[in-house]
Structures are given as C-alpha cells and as structure tokens.
Amino acid sequence: MAASIFVGATSAQAQKTVKLFNGKDLSNWDFIVDKNSVPADQVYSVRDGMIHIKGQPFGYMYTKEKYGNYKLNVEWRWEGEATNSGIFLLIEETKNPFPNGIECQLAAGKAGDFVLLGGSDLVEFHQRPGTERPAFPVVERTNPSSEKPAGEWNKATIYVKDGVITVFVNGVYQNTGTNKIKTGHIGLQSEGKDILFRNVVLTQL
C-alpha cells in the first residue's frame, strides 16, 4: 500500500529527465578499480550502445554529479552466467574499493536487497543486541526474486525521495530503505562477470 501511494505521489511531480548514459561514451562518469590494478577502460566501456562492465577487477563507476529526489530507471542483462553486480545510491563519499553508500543488490537471486557499504546506514537495518555490526549489513527484499533468466533484460525502477529509497524489479515491489543522506552519486558495480547496462535514465522529482 505504502509503495503504491508513493509512486502515485511522485509521478505527478516528475520534472526534468537526465540520461545518465548517453549511449555513446562514459563522459558523465568517473571510475574506481580495486587497487588501481588495471586502467579503468579495461573494465568499463561502451559496446553497441550499451555499458559493458567486465566484473573483474572489482570496482564501480559513478556519476560525476550528485543527485537527490529522483526516479531512476536502469536495465541490465547478464551476458552469460548470472553472477553479481549492483546499483549504488546516495554515495556520500567515493572510496576504493567500496564507497560510503547504499547498494541495491543485483546479485543473481537477490536483486532488490540493500547492502550498506562503507559505514552507511538505513533505519530498516536492525542489529541484534550484543553482536558486532557486519562488514556488509543487509536489508533483505520483501518479495521473492522477480528477476528474469540470464540473457534477458531486467529493469530496476528506483525512487529516492528525501533519503527514502524504494525499489521495484521488473515491476515488482522489493524494498524500502530510509537514509539520513538525501543526495549522492549514483554508481554501477563491477563484481563477478560480464554485465550490460542500458537506458540509465533519471527523472528529477
């Protein structure tokens, strides 16, 4: 119910649309490669009008600008085996190899989970009393996996409004997280194997 109300409220307020990926080059992005082990262009490139991320070495590409209050559409497809990647949101600080930000998990079978990176936090994460905080705290998605088989295109629709992140995967509501951070960079992760991204479009709310 809350998710449907949120979507209805934001759709009426939609304003400027920004193509974060122009289909030609990665001029709107900066890059992190774990330990700077190889040049970034060996990991992140454009192929046939799509973003191609190799998955190894580990790292992420991120927007040069920070954004807040938006709807983000991202489509992704595994070239072969469905492995691991993520969409990074509300990146407060870019670090190597992990930023301070929230990951919308794209790992096979877990798309829509939230992973708290680099000391970031969500109200919805509850640590058990007397236990240490995990290195990568997780807020699990609400519904079973709504992902498509490897080789088919998936679509993440993500709303960020006043720090509240709401995620749909292929039209199915999956998660909501509440962050004190309200603006930040957006990132796409290199982890696992080859993955393609297209139609990375932000609509300001």
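Where is the place of Pro 57? I looked there first, and I found Pro 57 in the loop between strand S4 (50-53) and strand S5 (59-63). A reminder to myself: this is a predicted model.

**Entry: cis peptide bonds**

I checked omega for the bond leading into that proline. The peptide bond from Gln 56 to Pro 57 is cis, with omega near -5°. I then turned to Pro 97, where the bond coming from Asn 96 is also cis, with omega near 10°. Pro 97 has its place in the loop between strand S7 (86-93) and S8.

**Entry: positive phi**

Next I went through the backbone for positive phi in residues other than glycine. Lys 35 is one of my notes here, with phi near 60°. I located Lys 35 in the loop between strand S2 (29-33) and strand S3 (44-47). Is Lys 35 buried or exposed? Its relative accessibility is 68%, and exposed means over 50%, so Lys 35 counts as exposed.

Asn 69 also has a positive phi, near 55°. I placed Asn 69 in the loop between S5 and strand S6 (70-78).

**Entry: Asn 100**

I then followed the chain to strand S8, which covers residues 100-105 and holds Asn 100. At 13% relative accessibility, Asn 100 falls under the 20% cut-off and therefore counts as buried. What lies 3.0 Å from a polar atom of the Asn 100 side chain? I found the backbone oxygen of Gly 118 there.

I also listed the contacts of Asn 100, leaving aside neighbours within four places in sequence. Leu 90, Ile 91, Glu 92 and Glu 93 are among them, and so are Leu 117, Gly 118, Gly 119 and Ser 120. Gly 118 thus turns up in my notes both in this contact list and as the owner of that backbone oxygen.

**Entry: the whole chain**

Friendly zoom-out to finish. I counted 1 helix and 15 strands in the protein chain. The radius of gyration is 16 Å, close to the 17 Å from the globule rule for 205 residues, so the chain is as compact as a globular protein of that length. Along the principal axes, I read a C-alpha span of about 45 × 40 × 35 Å.

How many of the 205 residues count as buried, as a percentage? I get 47%. For contacts with a separation of 6 or more, 68% come from residues 24 or more positions apart.

On the surface side, the chain exposes about 9600 Å², and carbon and sulfur atoms supply 49% of that area. Last, I compared the charges: there are 22 positive and 22 negative ones, and their mean positions are 4 Å apart.

Note on methods. Residues numbered from 1 in each chain as written. Predicted model: local features only at pLDDT ≥ 70, side-chain atom pairs only at ≥ 80, totals over all residues. Heavy atoms only, no water. Helix = DSSP H or I, 4+ residues; strand = E, 2+ residues; numbered from the N terminus. Rg over C-alpha atoms; globule rule 2.2 N^0.38 Å. Buried < 20%, exposed > 50% of the residue type's maximum accessible area, 1.4 Å probe, protein only. Contact = heavy atoms within 4.5 Å. Areas by Shrake-Rupley, 256 points an atom, 1.4 Å probe, with all protein chains shown as cover. Lys, Arg positive; Asp, Glu negative; His and termini not counted. Charge placed at Lys NZ, Arg CZ, Asp CG, Glu CD. Polar contact = N/O pair within 3.5 Å; in protein donor to acceptor, adjacent residues only side chain to side chain.
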